[in-house]
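Here are my notes on the model, with a few remarks to read alongside the coordinates. I hope they are of use when you go through the helices yourself.

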Amino acid sequence: MRECVQAHPEVSELRVLYGMALCVDFKVQDAIEELREGVRLAPDSFIAHLKMGELWLRLRVIEKAEEHTHQAAMLARNIMQSDLARRQAATLRTLVHNGIKRDGPSYKGPWYLVTTLRKLWKRDRAEGEALAPVETQ
């Protein structure tokens, strides 16, 4: 597949297929680059936008997933394509509703809860020490 893309780098559909194959092999960064190039080469391609949206969905980058899924829905030419975009959009809405998100202002990082608990524990300890009775001699 890689050789085919190298031989015909201007063919968007090959880039999208190669990006999908890279997703299966868990080569995410390469897949993002190939799908991004596929979208750039054919901005009116339903499948390029749908697959780019799907990759962002799986990575939980909701804003980008919504953008590409919406674009795919606008480019749908038949009921089958519309249904695929609709289902992907429904999955996105479910993720947003459940609060599963990795980007934007609501994402604090994987260690946010741990560091918050540590800060609270240190604060409570400091307050406890400050309130401890002072012995006078």
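1. Helix α3 has 14 residues, which at 1.5 Å a residue should span 20 Å, and its end C-alpha atoms are indeed 20 Å apart. The expected span here is 1.5 Å times one less than the number of residues. Helices are DSSP runs of H or I with at least four residues, strands are runs of E with at least two, and both are numbered from the N terminus. The buried residues of α3 are Ala-31, Ile-32, Glu-34, Leu-35, Gly-38 and Val-39. Buried means under 20% relative accessible area, exposed over 50% and partly exposed in between, with a 1.4 Å probe and protein chains only. These α3 residues pack against α1 (2–7), α2, α4 and α5.

2. A word on the source: this is a predicted model, in which local features need pLDDT of at least 70 and side-chain atom pairs count only at pLDDT 80 or more, while totals for chains, interfaces and linings use all residues. Residues are numbered from 1 along each chain as its sequence is written, and side-chain values use heavy atoms, with hydrogens and water left out.

3. For the overall picture, the protein has 7 helices and 0 strands. Of its 137 residues, 29% count as buried. Among contacts between residues at least 6 apart in sequence, 50% join residues at least 24 apart; contact means heavy atoms within 4.5 Å. The protein exposes about 9,900 Å², of which carbon and sulfur atoms supply 57%; accessible areas come from the Shrake-Rupley method with a 1.4 Å probe, and for residues only the protein chains shown count as cover.

4. Next, please look at Tyr-18, which is placed in helix α2. Tyr-18 is buried, with a relative accessible area of 11%. Its C-alpha atom is separated by 6.9 Å from that of Glu-34, 16 residues apart along the chain. Not counting residues up to four places away in sequence, Tyr-18 touches Met-1, Arg-2, Val-5 and Glu-34.

5. Which residues touch the most other members of the largest nonpolar core? They are Met-52 and Trp-56, in a core of 19 residues. A nonpolar core is a set of buried Ala, Val, Leu, Ile, Met, Phe, Trp, Tyr and Cys residues joined through side-chain atoms within 4.5 Å. At least two residues of this core come from each of α2 (12–24), α3 (28–41), α4 (46–58), α5 (62–75) and α6 (79–98). The largest share, 5 residues, is supplied by α4. Apart from this core lies another, of 6 residues, including Leu-50, Ala-72, Ala-76 and Ala-85. Leaving aside neighbours within four places in sequence, Trp-56 is in contact with Ile-32, Arg-36, Val-61, Lys-64, Ala-65 and His-68.

6. Helix α5 also agrees with its expected length: its 14 residues should span 20 Å at 1.5 Å a residue, and the end C-alpha atoms are 20 Å apart. Its buried residues are Ile-62, Ala-65, His-68, Thr-69, Ala-72 and Leu-75. They cover an arc of only 155 degrees around the axis, which puts them on the same side of α5; the arc is that of the directions from the helix axis to the C-beta atoms. The face turned away from this buried side carries the exposed residues Glu-67 and Met-74. The cover over the buried residues of α5 includes α3, α4 and α6.

7. Two α5 residues deserve a closer look. Ile-62 counts as buried at 1% relative accessibility, and its C-alpha atom is 7.1 Å from that of Leu-92, 30 residues apart in sequence. Thr-69 is buried too, with a relative accessible area of 2%. The side chain of Thr-69 reaches the backbone oxygen of Ala-65 at 2.7 Å, where a polar contact is a pair of N or O atoms within 3.5 Å; within protein, one must be able to donate a hydrogen and the other to accept it, and residues adjacent in sequence count only if both atoms are side-chain atoms. Leaving aside neighbours within four places in sequence, Thr-69 is in contact with Gly-53, Ala-85, Gln-88, Ala-89 and Leu-92.

8. Finally, α6: on which side are its buried residues, Gln-81, Ala-85, Gln-88, Leu-92 and Leu-95? They cover an arc of only 75 degrees around the axis, which puts them on the same side of α6. These residues pack against α4 and α5. At the start of α6, a side-chain oxygen of Asn-78 reaches to within 3.1 Å of the backbone nitrogen of Met-80. After α6 comes Gly-99, whose phi is positive, near 80 degrees.
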